[in-house]
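Reader: I'm new to this, so could you pick one part and take me through it slowly?
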Amino acid sequence: MNDIDRLEQLRGYFHTGEMPIATAECLDDGTIAALADGALPNEASPFALQHIAACPFCRRAVASVRELLNDRAITHEIDLLEGRAPGWRRIFKVAVPLAAAATLLVLLWSPSNDDVTHRGSGARSFPTPIGPRGTVANVERMEWSGVPGSDRYRVTVFTAQGGVVYETEGADTALTLPDSIQWSSGARYLWKVEARTGWNRWATSDLVDFTIVRAPPP
Amino acid sequence: MEPWVVELQGGKSDAAWDLFLDRYRRLVFAAIRYYAQDYDDIMDVFARVCESLRENDLERLRCYVDQPGHTAKFSTWLVTVVRHLTVDWFRHRDGRRRVSSIASTLPPLRQRIFEHVFLHKRSHGETYELICSTGEASLSFGEFLKELRATYNAVADGRRGSILRELLGPPPPEQVLVVSDESADDRRESLEFALRSLSPDERVAVELYVVDEMSAEAVAKVVGWSNAKAVYNHVYRALSAMRSYLSSLDGAGRPTGKI
């Protein structure tokens with residue numbers, strides 16, 4: 001078991017299935033917003049952190065607001081409101097991760113460091129489906145381009161209506177499909193491949209479609 | 001100072017409201033659309049947000065404006081309020097029925113899995129046993145796990161997944177897809193034991209980074225650390241301190257002995 005798996009397992013342990021419930025002590029919207037903005041005054045910080053350390057309801061609220069502030073549609077509106085040209089963040093999203101990646105590389109090089117893949121906002125590579133694509137006579141194999149550093153791939157094949165036809169995982173960049181799959185001639189299928197790039201991080205390819213057109217029997 | 005604030009401080013609430021809405025309508029809609037897909041839902045939530053902000057002569061807006069020193073930016077505060085009202089609207093309107101309707105597009109077996117796991121909060125093992133014992137389906141445990149994972153993937157998809165995450169909590173990782181006869185209380189108790197040695201900020205950082213999957217940059221902002229590197233250092237040091245706990249887990253995610 002590597003560190004990624006161990007961390008995944010730990011995350012499983014954190015997941016208790018409990019429903020977070022608000023209490024009278026829960027933080028108000030102003031404090032949640034200040035925490036999400038990283039703008040809480042020093043004197044209020046210890047109390048607020050102590051509360052969210054023990055309150056999954058408020059912790060979820062802080063995490064949700066951060067997610068919202070990373071949503072493209074919302075950042076676009078905030079940029080307009082604050083008089084910035086929409087898209088300026090993209091410059092930071094490229095430049096900052098490059099600098100961070102260089103720092104991380106140095107950190108990961110250190111023999112005393114855990115070999116855990118850190119989760120950041122750096123640029124990622126994505127796997128690309130190679131085949132099957134378009135109209136094919138039969139489907140026996142699937143192949144895709146690899147992603148550097150990826151230790152696992154997950155392939156999913158869908159019907160055009162979104163039903164899952166086949167799903168599998170493996171370390172290779174190709175697979176042989178089992179005979180048990182009942183393909184329908186003339187039907188359109190879609191497939192995608194996901195590459196595991198870190199602990200609980202998957203880079204997903206575009207959906208690619210193919211249609212099986214079998215030659216009529218002689 | 002923004003024109004709507006000037007009007008508000010001048011006691012002209014209606015004019016302040018019109019100017020506020022004119023300026024922030026699109027941001028409010030963007031925050032609602034993060035959670036809601038259906039046009040009617042979006043408009044109903046928007047009406048609820050407006051109603052709440054207008055209550056008691058714009059009390060909420062007035063409270064923010066009257067604060068002597070602002071901590072969060074107004075846009076962040078507004079997004080926080082809209083999120084709160086949107087999630088409450090979904091939760092209060094018809095929580096369970098609404099959640100069930102989200103699952104209505106799933107194939108029958110996945111609908112049953114959804115009901116057992118998400119609505120009735122049954123464990124995966126219990127769900128498997130119920131499905132087999134009631135004759136709803138005949139499938140091996142491996143096949144069941146595949147269906148279970150597909151159900152999680154389907155309900156966590158896109159904006160529908162955003163509101164479900166709020167209403168039902170984060171989906172478990174794949175490692176939890178194994179049968180565990182430990183109750184949530186037992187697991188939480190074991191976890192509390194392991195986390196007790198951490199300081200509040202370290203504990204918050206670990207939970208936000210590990211459970212909520214926030215980026216290290218965002219975690220650093222919340223806990224007030226200088227940068228992402230500080231988060232990596234603190235979190236991995238904290239996890240190292242819990243190493244003995246990790247090593248005491250068996251393959252199914254259960255502690256094998258005393259921690």
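Author: Sure! Let's call two residues in contact if their C-beta atoms, placed from the backbone, lie within 7 Å. With that in hand, look at A:Val62: setting aside neighbours within four places in sequence, A:Val62 is in contact with A:Ile32, A:Leu35, A:Ala36 and A:Ile52, and also with B:Val222 over in the other chain.

Some housekeeping: this is a predicted model, where local features need pLDDT of at least 70 and side-chain atom pairs count only at pLDDT 80 or more, while totals for chains, interfaces and linings use all residues. Residues are numbered from 1 along each chain as written, with chains lettered from A and ligands numbered from 1 in the order written.

Back to A:Val62. Along with B:Ala31, B:Tyr209 and B:Val219, A:Val62 is among the residues with the most contacts inside the largest nonpolar core, a set of 70 residues. Such a core is made of buried Ala, Val, Leu, Ile, Met, Phe, Trp, Tyr and Cys joined through C-beta atoms within 7 Å. Buried takes 20 or more other C-beta atoms within 10 Å (12 or fewer is exposed, in between is partly exposed). The biggest share of this core comes from helix 4 of chain B, residues 74–102, which puts in nine residues.

Chain B itself has 13 helices and zero strands; helices (H or I, at least four residues) and strands (E, at least two) are DSSP runs numbered from the N terminus. Of the 259 residues in chain B, 35% are buried. If you take the contacts in chain B with a separation of 6 or more, 56% of them join residues 24 or more positions apart.

Now follow B:Tyr209 from the core list. Helix 10 of chain B (residues 200–211) packs against helix 12 of chain B (residues 228–241) at about 95 degrees, with the axes 9 Å apart. Axes are fitted to C-alpha atoms over the stretch in contact, with angles from 0 to 180 degrees between N-to-C directions. The two helices are therefore roughly perpendicular, a label for 65 to 115 degrees (under 35 is roughly parallel, over 145 roughly antiparallel, the rest oblique). Helix 10 of chain B brings B:Glu202, B:Ala205, B:Val206 and B:Tyr209 to the contact, while helix 12 of chain B brings B:Val231, B:His234, B:Val235 and B:Ala238.

Over in chain A, try A:Ala48, which sits in helix 3 (residues 45–54). A:Ala48 has 22 other C-beta atoms within 10 Å, so A:Ala48 is buried. Beyond residues up to four places away, A:Ala48 touches A:Leu27, A:Thr31, A:Leu35 and A:Leu40. A:Leu27 is 21 residues off in sequence, but the C-alpha to C-alpha gap to A:Ala48 is 7.5 Å. And A:Leu35 has turned up before, as a contact of A:Val62.

What lies apart from the largest core? Another core of eleven residues, including A:Met142, A:Tyr189, A:Val193 and A:Phe210.

Chain A has strands to look at too. Strand 1 and strand 3 (residues 141–144) of chain A pair antiparallel over two bridges, and pairing takes at least two DSSP bridges. There, A:Gly131 faces A:Glu143 of strand 3. They belong to an open sheet of three strands, in the order 1-3-6. Strand 1 (129–131) and strand 6 (174–176) of chain A each have a single partner strand, so one side of each has no neighbour in the sheet.
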